[in-house]
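Reader: Hello! I am new to this structure and would like a close look at a single part of it. Could you pick one strand and walk me through its surroundings?

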Amino acid sequence: MSKRKLTFEEALKQLETIAEQIERGTIGLEESIDKYEEGMALVKQCRDILSKAELKIQQLQQRADGTLETTSFKRPPETNISLDS
Amino acid sequence: MWRSDAATLKFAPQDGLEVVASGTVEVFEKAGRYQLYVRKLEPRGVGALELAFRQLCEKLKKEGLFEQERKRRIPVHPQRIAIVSSPSGAAIVDMLRTIERRYPCVQVLLYPVRVQGDGAAAEIAAGIRNVNANAERLGGIDVMIVGRGGGSLEDLWAFNEEIVARAIYASRIPIISAVGHEVDVTIADLVADVRAATPTAAAELVVPVLSDVLDQLHALERRAYRSARGRTELLQTRLGGVMKRDPWREASGLVRRREQVLDELAIRAQRSLASRVHKARRTLESADPIIRKIAPHSYLLRTGVRIQAAQHALQWAISRRLAEYQRLILNHEIRSDRASPAHQIQSLREKVVRLSRSIPAGLASGLVLWNHRLQSHEALLTAVSHKSVLARGFSITRLKKGRKIVRSVAELKDQQRLVTQVSDGEFESEAVNIRQQELFDEP
């Protein structure tokens with residue numbers, strides 16, 4: 001595995017591959033146990049990402065040099081009527 | 001038409017276009033000419049915006065901006081979403097609420113822009129470009145939503161401008177457009193990778209439902225668990241089968257059969273030996289009366305009686321004959337000694353001894369052969385024995401006391417000394433922290 005932290009999508013894809021590899025039985029017992037452990041680590045990683053229960057909202061603001069900085073964003077008050085529908 | 005007036009035109013005038021023009025007419029008397037100063041130009045039948053829309057549509061279509069093939073894939077599980085929209089509209093409220101309800105584990109970055117009025121299009125286009133340019137620094141943007149809530153055609157106009165279309169087209173980050181209501185289709189919608197009917201719909205498209213993803217994750221986990229467990233169970237069954245069946249049992253059966261043959265041979269050899277001895281004994285026994293009958297001793301006795309009688313009658317005259325007789329007896333004795341049954345018995349006895357020596361010798365050489373074969377069977381047994389299993393990385397753990405193989409933690413006591421055998425030796429250890437456990441934790 002690379003040092004870079006996997007994105008959720010990458011981790012999920014890898015997990016699918018692992019499940020498939022173990023299912024097909026083309027790898028040896030020891031390797032499949034290794035793969036299983038690797039898969040469980042990925043499951044944990046995915047769960048960690050999903051368990052961030054609070055939506056993080058920030059506002060982007062352009063600096064003088066053109067780069068963007070993030071500032072806190074105050075959400076407009078909720079209305080019961082949606083303009084969509 | 002003056003340039004300043006022409007700049008306000010939303011559409012491009014073309015030859016043959018029917019228009020309604022309003023303005024002032026001036027007369028040049030000298031040249032006899034009329035000049036029409038157009039202040040406002042409206043295409044006939046359709047509105048100016050409508051025509052502009054059609055014209056830009058046609059132009060961008062020709063350039064391939066609407067092609068499905070060039071559209072980017074929207075990731076299913078984004079982690080960071082940028083929204084280019086108004087920070088105060090109902091659209092942002094709807095989107096944030098929807099994202100929060102479905103999948104709150106994401107980060108949303110709002111790039112605030114004006115979404116209507118002069119300069120709105122330029123701001124939106126700049127927003128799209130800036131988010132792209134800063135994506136790396138912001139930790140990577142998986143997907144971008146560009147849009148606003150409902151309004152009139154004029155309100156939505158910024159999303160029909162070429163500058164916005166070009167910015168969407170140039171974006172590296174996949175873009176979901178969400179402009180107005182279901183019925184409103186803008187140029188931005190046509191260029192975007194995915195068009196959402198409304199901002200709420202965009203939020204539904206951009207994130208999955210958390211519980212679905214958790215279910216999917218759980219299903220994957222179960223799949224891996226089941227198949228890994230199934231693998232080990234299958235291998236255990238196979239191992240058991242190998243130990244019980246096939247070469248193992250065959251080999252031991254082979255050995256048993258060979259042992260039987262060996263036993264039979266031994267019995268046969270014993271029998272034949274016994275029968276030879278018996279035969280020899282019978283020969284000896286049948287020879288006995290003959291020996292007795294022609295026994296030199298009784299013959300001598302009988303002759304002696306006759307000699308005595310003759311001695312009585314013919315003391316001297318017979319004495320010569322006696323000597324002759326004596327000589328005869330002597331000769332007879334020598335002969336009978338040479339060809340005597342006793343002599344024959346002796347030679348038979350020697351023969352029996354020789355036989356009894358040679359037969360066990362034959363048996364012994366047979367045993368050597370069988371021993372050799374047994375050794376090759378033993379090699380076969382070794383091949384399927386635990387040693388080759390050890391070589392594959394398994395180990396055997398025994399209680400140090402009694403060397404009983406440990407098959408279950410139930411057989412262990414805390415701090416019990418253990419001897420573990422691996423392929424090339426063994427080592428001692430102590431059982432601590434004994435736990436009864438599944439091979440895998442059931443998720």
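Author: Happy to. One term comes up straight away: a residue is called buried if 20 or more other C-beta atoms lie within 10 Å of its own, with the C-beta atoms placed from the backbone. Please also keep in mind that this is a predicted model.

With that in hand, let us go to strand β5 of chain B, which covers residues 143–148. β5(B) is mostly covered, since six of its six residues are buried. For the setting, buried residues make up 21% of the 443 residues in chain B. That chain holds 13 helices and ten strands.

Now look at where the residues of β5(B) point. In a regular strand the side chains alternate between the two faces of the sheet. In β5(B), one way is taken by B:V143, B:I145 and B:G147. The other way is taken by B:M144, B:V146 and B:R148, and the residues of both groups are all buried.

Which strands pair with β5(B)? One of them is β3 of chain B, residues 80–85, which pairs with β5(B) in the parallel sense over four bridges. To find a point on this pairing, start at B:A82, whose bridge partner in β5(B) is B:M144. Another partner is β6 of chain B, residues 175–179, and here the pairing with β5(B) is again parallel, with five bridges. B:M144 serves as a landmark here too, as its bridge partner in β6(B) is B:I175.

If you follow the chain from β5(B) to β6(B), look for helix α5 of chain B, residues 162–170. Together, β5(B), α5(B) and β6(B) make a right-handed β-α-β unit.

It helps to set this strand beside another part of chain B. There, an open sheet of three strands has the order β8-β9-β10, with antiparallel pairing. Its edge strands are β8 (396–399) and β10 (425–430), each of which pairs on one side only. From one strand to the next, the twist averages 30°. The strands β9(B) and β10(B) form a hairpin with two residues between them. β9(B), residues 417–422, pairs with β10(B) in the antiparallel sense over six bridges. Within it, B:R417 stands opposite B:E430 of β10(B). And is β10(B) mostly or hardly covered? It is hardly covered: the count of buried residues among its six residues is zero, whereas in β5(B) six of six are buried.

Finally, let us step out to the neighbouring chain. In all, 44 residues of chain A are in contact with 46 residues of chain B. On the side of chain A that touches chain B, the elements giving two or more residues are α1 (8–24), α2 (29–50), β1 (56–62) and β2 (68–72). The most comes from α2(A), with eleven residues. By class, that side has 21 nonpolar, twelve polar and eleven charged residues. Strand pairing also links the two chains: β1(A) and strand β4 of chain B, residues 107–112, pair in the parallel sense over four bridges. There you can find A:Q59 standing opposite B:L110 in β4(B).

Key: Residues numbered from 1 in each chain as written. Chains lettered and ligands numbered in written order. Predicted model: local features only at pLDDT ≥ 70, side-chain atom pairs only at ≥ 80, totals over all residues. Pairing = 2+ DSSP bridges. Axes fitted to C-alpha atoms, helices over the stretch in contact; angles between N-to-C directions. Contact = placed C-beta atoms within 7 Å. Nonpolar A, V, L, I, M, F, W, Y, C, P; charged D, E, K, R; others polar. Buried ≥ 20, exposed ≤ 12 C-beta atoms within 10 Å, placed from the backbone. Right-handed = clockwise from strand over helix to strand, strands pointing away.
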